[in-house]
Amino acid sequence: VVLVFFFVEHFVGLGDLGYLMPIGLVAALALAYLRRHDWLDMQEEVMAFAACFAWGLAWRMIFPNLDGGTEKLMNLELIASYRTGVTLPPPDMWLAGHQLDMYYGLQHYAAALMGRIMHFSVGVNYHFAFATIIGLIGMTAWASMRQWALLQKDPNESLWWRALIIVALLAGGTGVAPFTYLIFPDMDPLTHSWANVRFMGAYENQAGEWARSIFTPQNKLDLPMEVMGYFMHIGDFHAVLGGFLLAALLCLLMAYQIRQQFVVPKLVPVLMGAMMILPIAMNMWILPLLLLIEAAFLYIHRAQLKEQWLYMALGFVGTTILLQPFFSYFLPSSLGVGLKMVAADQHSPLIQYLILMWPLWVLAALGLATKDKTGMLRFLAITCIAVLVFTEFFVFDDSRGGTPSRFNTTLKYWSWTFVLVLVGIAGHLVVQTQQKWARYAAATVALLLSFHVFDLVYGASKIPRDNWGNLSGEGWIPGRSWAQKDLFDYLKGAPKGIVLEEVGYEAYMDQSGMALLAEQPSLIGWINHQNLWRGGPPYIGRIAHNIELLYKGENPEAADWLLQNRVRYVLVTARKPMSAQVQAKIHAQIGHAYSWQEFG
């Protein structure tokens, strides 16, 4: 459904879609009625979605602020751009006068489509989209495990074991999780969550004396592995979540094919064909991995799957056609990425690597050691090992030198493989009863990863509760100053126009936050991200320089420059207060075209 809308809106923007909400509601109720006899077959998946959706939404209610602390504003700008309802590619709400033609596509468009249909404000839209994709990941992972459970004599016997895997998936940490209080004895709980995923290169330098007796912190690398337990409290709606959904869906489709002995509804091979091209519009980094896994699966079971080739081809071709308009502007503007060997001094330090990555290696070893007639465990274990070896010796060159040279490669591949083996290997092992040692081993890994839940819950209990439940995402604004809150309220009701704020730093700041939450376009958002996305064109630097001169009162051509860029609102915020002397200089330069409006 989303793909069809995505295709159509590349030719004609559909504008306000609120009329689809009652239509969708009636259709959903009608479908539920028609499928009422199948309730027993799907009630587990429905309840899994509800529970995981509630888990995701609960964390957004605890941490609702859409501010510059992480990359929430970056993801908010992508949703806000797609919410405009105009012909795609949409105008970039972070760079007025330009189009949003980066690789962020289907996931953020789907989120915006939800908000347009439901008439959510952009902040509420963001939070419900986050909860929805968490619900879908959890539901799909549960459904994958249930396929293996249905091959057992008593499928319900493994319910609690499956629940443990879901906890590890949606709330667990990395291999650091069970050792955080040994490695970082003086660190607060939520920082433990950051230290889990950014252990190598970012947080290992904060290790205590006991940990330093085991390993020597280094500053040469930044090798992250982001897991979903970490996403709960930072709340970033990254494209990596769409990749996690595809990983869980791939596990489900392969498990379903095997359980049904390859006699499945035609939708299943259509989906398998579609998934060969979908990552380009969701999370392009995982495309090679997903293609290799699915191609190997199709080759191994080629005799049983020969009746499905046509429908797989239809899924692949149909999805390619629906995404063709997206490819037409995305691919020409994408930056080339080459493959090169990891430099001799850029390999992972062994002790830190083992602390972070032991769950992947243990689960891969279990997959190789366990007897499995389907061959899926060995297949996924070999895949995991191949990815880990590949990322240790090869890197995709995305022009990151020095400390972060391997950053994107490890971030994308380790994180995705973590979900794949946790769902595909651990989720498979905990449902079978024939080899209990393997079940207990996989469950132990999941339990140790779930130590991260304590840090999440304990950390949440320590933060101020002033904005809990304020899903608009605006709660941080009056916290800066009440005058800024008055300014923001004015901006929300003001006519549409380009907003200018002082840049100050390159990224991770509140700048552009008020404009996005008011659904007003910014002249420019975070300089660092626009440079990264667009290959560092000179005009980005010129815009930043002109803004700096304007806010210092040192640009005698400021009025002409503002009018040429169609800037309607120039904000002076609590983040960057302005002296009376500078204000007088700016007024002398632009006063004939702009009027001052004070708030508070």
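How much accessible surface does the protein have, and what share of it belongs to carbon and sulfur atoms? The total comes to about 25,200 Å², and 64% of that belongs to carbon and sulfur atoms. Keep in mind for every view below that this is a predicted model.

**Figure 1. The whole protein, with 28 helices and four strands.** The radius of gyration is 25 Å, close to the 25 Å that the globule rule gives for 600 residues, so the protein is as compact as a globular protein of that length. Boxed along its principal axes, the set of C-alpha atoms takes up roughly 80 × 65 × 45 Å. Of the 600 residues, 57% are buried. Take the contacts between residues at least 6 apart in sequence: 75% of them join residues at least 24 apart. As for charge, there are 39 positive and 42 negative ones, and their mean positions sit 8 Å apart.

**Figure 2. Helix H3, residues 39-62, and what covers it.** With 24 residues at 1.5 Å a residue, H3 should span 34 Å, and its end C-alpha atoms are 33 Å apart, which agrees. Which residues of H3 are buried? They are Glu44, Glu45, Ala48, Cys52, Phe53, Gly56, Leu57, Trp59, Arg60 and Ile62. So the buried set holds Glu44, Glu45 and Arg60 alongside Phe53, Leu57 and Ile62, given that buried here means under 20% relative accessible area. The cover over these buried residues includes helix H4 (72-82), helix H6 (122-149) and helix H7 (159-171). Helix H11 (228-234) and helix H21 (452-462) are also part of that cover.

**Figure 3. Gln352 in helix H17 and its contacts.** Helix H17 runs over residues 350-369, and Gln352 is found in it. Is Gln352 buried or exposed? Its relative accessibility is just 3%, so Gln352 counts as buried. Setting aside neighbours within four places in sequence, Gln352 touches Phe199, Met200 and Glu204. Its other contacts on that basis are Phe215, Thr216, Pro217 and Gln218.

**Figure 4. Ala296 in helix H15, with Ser213 for reference.** Ala296 belongs to helix H15, which covers residues 287-300. Its relative accessibility is 27%, so Ala296 counts as partly exposed; the range for that label lies between the 20% and 50% cut-offs. How far apart are Ala296 and Ser213 in space? From C-alpha to C-alpha the gap is 44 Å, with their positions 83 residues apart in sequence numbering.

Conventions
Residues numbered from 1 in each chain as written. Predicted model: local features only at pLDDT ≥ 70, side-chain atom pairs only at ≥ 80, totals over all residues. Heavy atoms only, no water. Helix = DSSP H or I, 4+ residues; strand = E, 2+ residues; numbered from the N terminus. Rg over C-alpha atoms; globule rule 2.2 N^0.38 Å. Buried < 20%, exposed > 50% of the residue type's maximum accessible area, 1.4 Å probe, protein only. Contact = heavy atoms within 4.5 Å. Areas by Shrake-Rupley, 256 points an atom, 1.4 Å probe, with all protein chains shown as cover. Lys, Arg positive; Asp, Glu negative; His and termini not counted. Charge placed at Lys NZ, Arg CZ, Asp CG, Glu CD. Expected span 1.5 Å × (residues − 1).
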